[in-house]
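Dear colleague,

I am handing over the structure we spoke about, and it is placed directly below so that you can open it beside this message. After it I set out what was found, topic by topic.

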Amino acid sequence: MVSAQSVGKSFGALQVLNGVSLEVARGQVACLIGPSGSGKSTFLRCVNHLERINSGRLYVDGELMGYREGGDRLYELSPKQAARQRRDIGMVFQHFNLFPHRTALENIIEAPVQVAGKPKAAAVEQARELLDQVGLADRADHYPAQLSGGQQQRVAIARALAMEPKLMLFDEPTSALDPELVGDVLAVMRRLADDGMTMLVVTHEMGFAREVADQLVFMDAGVVVESGDPREVLANPQHERTQVFLAKLL
Ligand code: ADP
Ligand code: MG
């Protein structure tokens, strides 16, 4: 579903991704960890076409979406192709990013109706099912400000799922939450994983990584330092940088 081969990305003189290579198979969950500034968010943003890569190759669902070498533009999706592919990728951010003046239900139906042209009645019916799935059937008419952070994040997940994505990206989805609200969000993500969704999750919730992820990827300074079975990486990290990072985390 995601194949990154030596992906490079710089902002001006700052080289943020230094040749990231990783593979996420369909139906797999990969957790991405690493120090602040190591390029995790930038990598997700490249997968979601919010940033363009400068070198290497990146495939999503078998489709080559960026390929540059030696600074020459060799291949890049057109804006239209990128927009179409982005519709198949759901993204959930640390800070929810719900529309504040729309109810939970209105947030969820927005993209299906406005972007995908789904009939409103069908979108509403689907939104109610999704709210039920994330445990918020009784919050359809609440505005974001009337919901807890954990509830807002579950609405944000439902909103992403409303576009029926084939890949879900999560960027520290529980980092902004009070500790007692984290579990409900992780439970929703775990169910999604159990249902076979392909997921790339930046998180420092090691319990989630250990129990749910098929692969744990440790990034530092714009490269994948180490990856593998989460239990093995956590129990027996091979690289010193991984050991140092995990020692601080646990
Ligand atoms: P992480 O998510 O691992 O904390 P990021 O991908 O957010 O790391 O950032 C990696 C580096 O790239 C940081 O040094 C950050 O300041 C820089 N960076 C991210 N986005 C931009 C941008 N749009 N312009 C310039 N620098 C950026
Ligand atoms: Mg980040």
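**Charged pairs**

Lysine 9 is a buried residue, its relative accessible area being 7%. Please keep in mind while reading that this is a predicted model. Lysine 9 has a salt-bridge partner in glutamate 51, and the closest N and O atoms of the two are 3.9 Å apart. This pair ties together distant parts of the chain, since lysine 9 sits in strand E1 (residues 2–11) and glutamate 51 in the loop between H1 and strand E4 (55–60), with their positions 42 residues apart. Glutamate 51 has a relative accessibility of 19% and therefore counts as buried, the cut-off for that class being under 20%. As general background, side chains of opposite charge can pair when their charged atoms come close.

How many salt bridges does the structure hold? The count is eleven, and two others deserve a description here.

One of them brings together the side chains of arginine 26 and aspartate 61, at 2.9 Å from N to O. This pair also links distant parts of the chain, with arginine 26 in the loop between E2 and strand E3 (29–33) and aspartate 61 in the loop between E4 and strand E5 (63–69), 35 residues apart. Arginine 26 counts as exposed, at 60% relative accessibility, whereas aspartate 61 is partly exposed, with a relative accessible area of 27%.

The other is formed by arginine 102 and glutamate 110, whose closest N and O atoms are 2.8 Å apart. Both ends count as partly exposed, arginine 102 at 31% relative accessibility and glutamate 110 at 23%. Turning from single pairs to shared partners, salt bridges join Arg26, Asp61, Asp88 and Lys166 into one network.

**The surroundings of ligand 1**

Which residues surround ligand 1? The shell is made up of Phe11, Leu14, Val16, Pro35, Ser36, Gly37, Ser38, Gly39, Lys40, Ser41 and Thr42. By character, these shell residues divide into four nonpolar, six polar and one charged. Strand E2 (14–24) and helix H1 (40–47) each supply at least two residues of the shell, and H1 gives the most, with three residues.

Several polar approaches to the ligand can be described atom by atom. A backbone N or O atom of glycine 37 lies 2.7 Å from an oxygen atom of ligand 1, and a polar backbone atom of glycine 39 is 3.0 Å from an oxygen atom of the ligand. In serine 41 the approach is made by the side chain, a polar atom of which lies 2.8 Å from an oxygen atom of ligand 1. Taken alone, ligand 1 exposes 560 Å², and the protein buries 58% of that.

**Backbone angles to look at**

Most residues other than glycine have a negative phi, and most peptide bonds are trans. Against that background, you may wish to view two residues.

Aspartate 61, already met above as the partner of arginine 26, has a positive phi, near 50 degrees. Its place is the loop between E4 and E5, and with a relative accessible area of 27% aspartate 61 is partly exposed.

Phenylalanine 96 likewise has a positive phi, in this case near 60 degrees. Phenylalanine 96 lies in the loop between strand E7 (89–92) and helix H3 (104–114). Is phenylalanine 96 buried or exposed? At 12% relative accessibility, phenylalanine 96 counts as buried.

**A further residue pair**

Arginine 210 belongs to helix H7 (residues 206–212) and is partly exposed, its relative accessibility being 35%. The C-alpha atoms of arginine 210 and glutamate 232 are separated by 9.2 Å, while the two residues are 22 residues apart along the chain.

**Confidence of the model**

The protein has an average pLDDT of 93, and 95% of its residues score at least 70. For the model, the scores are ipTM 0.98 and pTM 0.95. Where pLDDT is low, the predicted coordinates should not be read in detail.

With best regards

Note on methods
Residues numbered from 1 in each chain as written. Chains lettered and ligands numbered in written order. Predicted model: local features only at pLDDT ≥ 70, side-chain atom pairs only at ≥ 80, totals over all residues. Heavy atoms only, no water. Near = heavy atom within 4 Å. Polar contact = N/O pair within 3.5 Å; in protein donor to acceptor, adjacent residues only side chain to side chain. Areas by Shrake-Rupley, 256 points an atom, 1.4 Å probe, with all protein chains shown as cover. Helix = DSSP H or I, 4+ residues; strand = E, 2+ residues; numbered from the N terminus. Nonpolar A, V, L, I, M, F, W, Y, C, P; charged D, E, K, R; others polar. Salt bridge = Lys/Arg side-chain N within 4 Å of Asp/Glu carboxyl O. Buried < 20%, exposed > 50% of the residue type's maximum accessible area, 1.4 Å probe, protein only. pLDDT = per-residue confidence, 0-100.
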